[in-house]
Amino acid sequence: MANEKRAGTLGYYFYDLNGKLNWKLSRRDRLYLSAYRGYDNFYANTRDADETQSTYTRSDVNLGWGNLTGALRWNHVVNDRLFLNTHLTYSQYQFDVGQDREDRTGAPGQADTKTTTNSLRYLSNIRDFSLKTDFDYAPSPDHYVRFGAQLTRHAFRPGAFAQTERLDTARSGATSGSRVLATESALYVEDDYRLSNRLNVNAGLRLNGYFVDDKFFPSVEPRLAARFMLTDEWALKAAYARTTQFIHLLTNSGIGLPTDLWVPATAAVRPQLAHQFSLGAARTLRYKGEAFEFSFETYYKPMQNLVEYREGASFLNTTDSDWQSKVISGQGWAYGGELFLQKKTGRTTGWLGYTLAWSTRRFPELNGGRAFPYKYDRRHDISLVVIHHFSPTLTLSGTWVYGTGNATTLASGRFQTGPQQGYNDYGDRNSFRMAAYHRFDLDLSKTKKKRWGEIVNSLSIYNVYSRNNPYYLYFQAAYFESNGTMSRPPSYRQVSLFPIIPSVSKAFKF
């Protein structure tokens with residue numbers, strides 16, 4: 001491959017802006033205004049050229065995602081037992097992933113030169129306007145009631161765009177996606193009651209309504225949780241909840257650019273429905289005068305009306321431009337156990353959490369009707385946080401996280417039918433695991449007290465040991481010399497994000 005030349009650039013940037021203002025209008029009224037804007041962008045540009053065969057390939061990949069939110073909240077004290085909070089919020093989520101590719105054969109300017117360009121974009125945009133009113137009522141120290149109403153206007157715009165242009169022939173393109181407007185309303189009540197010194201019960205009911213495409217989806221969502229103190233140190237917990245979700249995450253199971261899109265429930269795509277059961281125990285431990293909290297919880301969550309792409313379908317590869325015709329409905333199950341140990345006292349505090357979990361899916365038309373792991377099925381998840389206070393104003397914290405890699409579908413074999421031709425043989429769906437995700441972060445913070453508030457100066461290091469965590473995989477085709485000899489076999493390559501990133505921040509608290 002002496003005549004093959006490769007060059008490229010890879011980069012990433014992000015920013016977060018937020019602010020909050022508080023007004024004390026009167027003894028009983030306060031007004032809060034907050035705003036947030038955050039955006040992340042990743043790019044990878046490569047250039048491949050072969051001087052002998054006069055071939056050239058250019059690939060520009062870009063991934064961007066971010067959020068914009070604004071909220072106005074009015075807090076009113078009706079009396080000593082009744083409080084009122086009214087929220088007016090706006091939020092916008094945006095996801096944009098795309099690739100521009102150019103393939104050229106022949107020397108530039110020659111008559112037999114052929115150039116093909118391809119553009120691909122996946123877009124997901126969600127805008128919400130919401131008005132919510134909460135009442136908090138405390139008739140006694142052992143009894144707390146919360147109730148209210150919410151109205152939300154959703155605007156969804158998932159979509160994709162593809163265009164191919166042959167400079168020596170014709171031009172073709174394909175688009176997919178349209179705007180969906182929906183209205184969601186809810187009434188809810190929650191009652192937290194301490195029945196005795198050992199038994200506490202929390203019961204709630206939420207009535208949801210979702211209107212889209214001239215169709216109305218009502219839902220009733222009861223919730224019940226109880227905690228019973230066996231002794232002064234041991235507690236048992238149990239809970240049940242029925243939930244409805246009016247938005248779906250439509251994932252791709254294969255390799256390539258992440259193209260997960262949020263799509264709404266519509267007249268043709270029903271909302272998700274789930275039941276969650278949990279059972280756990282907690283204990284307070286003491287060792288050498290220090291207090292520790294230990295808890296263990298198991299859960300089981302069956303789900304209905306989940307969506308996946310039909311076999312071989314995507315937003316782009318069919319003549320039908322409506323994404324709703326490209327998805328199918330199925331079932332899912334999530335279950336597992338969680339361990340949590342927290343140290344709350346002393347100069348050194350922190351916690352250790354471990355989760356053993358399974359998340360599976362089953363669709364009659366996929367994987368031969370057999371269950372398969374969900375893309376984000378994560379068998380092991382560990383988080384360790386240690387915080388040390390050198391003084392009341394100087395703090396050092398460290399965080400280590402670990403997670404099993406995402407499940408994806410790779411070819412189990414490849415059949416080569418020619419120097420540049422072949423096809424893949426795929427095994428079971430999501431039967432391959434990407435490399436595990438883990439990293440270590442450090443933060444050193446110094447607080448300075450002022451008459452008007454405080455200033456917090458922080459020095460942080462993200463991904464201290466610069467772990468190359470996988471973001472996505474792509475297939476690299478075989479490379480053949482001019483005599484037809486394969487000098488580079490086909491292989492899967494990994495693209496990673498976020499190496500070691502130091503940062504400095506200054507926060508003002510009034």
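**Notebook: salt bridges, strand pairing and a nonpolar patch**

I began with the charged side chains and found that Arg47, Arg58, Asp60, Glu102 and Arg104 are linked in a network of salt bridges. I note here that I am working from a predicted model, and that the structure holds 22 salt bridges. As a general reminder to myself, side chains of opposite charge can pair when their charged atoms come close.

**Entry 1: pairs between strands**

I next looked up Asp100, which forms a salt bridge with Arg121, with 3.3 Å between the closest N and O atoms. This pair links distant parts of the chain, since Asp100 lies in strand E4 (residues 82-105) and Arg121 in strand E5 (residues 114-140), 21 residues apart. I checked the accessibility of each partner: Asp100 is partly exposed at a relative accessible area of 22%, and Arg121 also counts as partly exposed, at 27%.

I then turned to Asp136 and Arg146, whose side chains meet in a salt bridge at 4.0 Å, N to O. Here too the pair links distant parts of the chain, with Asp136 in strand E5 and Arg146 in strand E6 (residues 143-166), 10 residues apart. Is Asp136 buried or exposed? I found a relative accessibility of 11% for Asp136, so this residue counts as buried, the cut-off for buried being under 20%. Its partner Arg146, at 30% relative accessibility, counts as partly exposed.

The third pair I wrote down is Glu290 with Lys343, a salt bridge of 3.4 Å from N to O. It joins distant parts of the chain, as Glu290 belongs to strand E15 (residues 290-309) and Lys343 to strand E16 (residues 327-343), with their positions 53 residues apart in the count. Glu290 is partly exposed, at 23% relative accessibility.

**Entry 2: E15, E16 and E17**

That pair led me to the strands themselves, and I looked up how E15 and E16 run: they are antiparallel and are joined by 16 bridges. Within this pairing, I noted that Thr298 has Gly337 in E16 as its bridge partner. On E16 I also followed the pairing with strand E17 (residues 348-362), which is in the antiparallel sense and extends over 13 bridges; there, the bridge partner of Trp333 is Thr360 in E17.

Which residue takes a positive phi in the hairpin of E16 and E17? I found that it is Gly346, with a phi near 90°, in a hairpin that has four residues between the strands.

I then looked at Thr349, which is found in strand E17 and is buried, with a relative accessible area of 16%. Leaving aside neighbours within four places in sequence, I listed the contacts of Thr349 as Lys343, Lys344, Val385, Val386, Ile387 and His389. Lys343 in this list is the residue that I had already recorded in a salt bridge with Glu290.

**Entry 3: a nonpolar patch**

Last, I looked for nonpolar side chains on the surface and found a patch formed by Leu21, Trp23, Leu25, Leu33, Leu72, Trp74, Leu88 and Leu131, with about 730 Å² of accessible area together. Strand E1 (4-24) and strand E3 (55-77) each supply at least two residues of this patch. I took Leu72 as a member to check: this residue is found in strand E3 and is partly exposed, with a relative accessible area of 33%.

How values were computed:
Residues are numbered from 1 along each chain as its sequence is written. This is a predicted model: local features need pLDDT of at least 70, side-chain atom pairs count only at pLDDT 80 or more; totals for chains, interfaces and linings use all residues. Side-chain values use heavy atoms; hydrogens and water are left out. Buried means under 20% relative accessible area, exposed over 50%, partly exposed in between (1.4 Å probe, protein chains only). Two strands pair if DSSP finds at least two bridges between them. Contact means heavy atoms within 4.5 Å. Patches are made of residues with over 30% relative accessible area and no salt bridge: like charges are joined within 9 Å, nonpolar side chains (Val, Leu, Ile, Met, Phe, Trp, Tyr) within 5 Å. Accessible areas come from the Shrake-Rupley method with a 1.4 Å probe; for residues, only the protein chains shown count as cover.
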